[in-house]
Amino acid sequence: ALAISIQTWAQARASAVRAAVIFSLEPVVAVVASTALGRERPGLTELIGGSLIIIGVLVSEVGGALLPRSAQATS
């Protein structure tokens with residue numbers, strides 16, 4: 001109940017885009033927590049999937065900063 005209360009409080013203060021990006025990391029955090037507790041050993045498929053999720057989050061957060069200035073001016 002405490003985790004849901006904190007999540008609701010934080011979600012009310014974040015933009016919709018930021019909340020969606022954070023929620024997309026939920027499966028990655030779950031695997032990291034499960035691995036840290038010794039309950040799971042992620043395989044190659046899970047590692048690739050988690051990497052793709054993290055790359056997607058990074059691109060959505062800093063993607064505009066990675067574009068050359070000339071490409072940003074034409075957009």
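The second largest pocket of this predicted model has a volume of about 160 Å³. Its lining is made up of Pro27, Val28, Val31, Val32, Pro42, Glu46, Leu47, Gly50, Ser51, Ile53 and Ile54. Two elements, helix H3 (26-36) and H4, each give two or more residues to this lining. H4 provides the largest share, with six residues. By character, the lining holds eight nonpolar residues, two polar ones and one that is charged.

Let's stay a moment with one of these lining residues, Glu46. Glutamate 46 sits in helix H4, which covers residues 44-66. Is glutamate 46 buried, partly exposed or exposed? Its relative accessibility is 42%, so it counts as partly exposed, because that class lies between the 20% limit for buried and the 50% limit for exposed.

Glutamate 46 also has a polar partner a little earlier in the chain. A polar atom of its side chain lies 2.8 Å from the backbone nitrogen of glycine 43. Looking further back along the sequence, we come to valine 31, which is 15 residues away from glutamate 46. The C-alpha atoms of these two residues are 8.5 Å apart, and both Val31 and Glu46 belong to the lining of the second largest pocket.

Now for the largest pocket, whose volume is about 200 Å³. Which residues line the largest pocket? They are Gln7, Ala10, Gln11, Ala14, Ala19, Ile22, Phe23 and Glu26. Here helix H1 (2-13) and helix H2 (16-24) each supply at least two residues. The lining divides into five nonpolar residues, two polar and one charged.

Here are the two pockets side by side:

| Pocket | Volume | Lining by character | Helices giving two or more lining residues |
|---|---|---|---|
| Largest pocket | about 200 Å³ | five nonpolar, two polar, one charged | H1 (2-13) and H2 (16-24) |
| Second largest pocket | about 160 Å³ | eight nonpolar, two polar, one charged | H3 (26-36) and H4 |

Finally, a look at the chain as a whole. How many helices and strands does the protein chain have? There are five helices and zero strands, and the pattern along the sequence reads α-α-α-α-α. Of the 75 residues in the protein chain, 9% are buried. The chain exposes about 6,100 Å², and 68% of that area is supplied by carbon and sulfur atoms.

Definitions and conventions. Residues are numbered from 1 along each chain as its sequence is written. This is a predicted model: local features need pLDDT of at least 70, side-chain atom pairs count only at pLDDT 80 or more; totals for chains, interfaces and linings use all residues. Side-chain values use heavy atoms; hydrogens and water are left out. Helices (H or I, at least four residues) and strands (E, at least two) are DSSP runs, numbered from the N terminus. Buried means under 20% relative accessible area, exposed over 50%, partly exposed in between (1.4 Å probe, protein chains only). A polar contact is a pair of N or O atoms within 3.5 Å; within protein, one must be able to donate a hydrogen and the other to accept it, and residues adjacent in sequence count only if both atoms are side-chain atoms. On a 1 Å grid over the protein atoms alone, a cavity is a set of points where a 1.4 Å probe fits but cannot get out, and a pocket is an open set with protein on both sides within 12 Å along at least five of seven lines; lining residues have an atom within 4 Å of a point. Grid points are joined across faces, edges and corners, and a volume is the space filled by probe spheres set on the points. Ala, Val, Leu, Ile, Met, Phe, Trp, Tyr, Cys and Pro count as nonpolar, Asp, Glu, Lys and Arg as charged, and the others, Gly among them, as polar. Accessible areas come from the Shrake-Rupley method with a 1.4 Å probe; for residues, only the protein chains shown count as cover.
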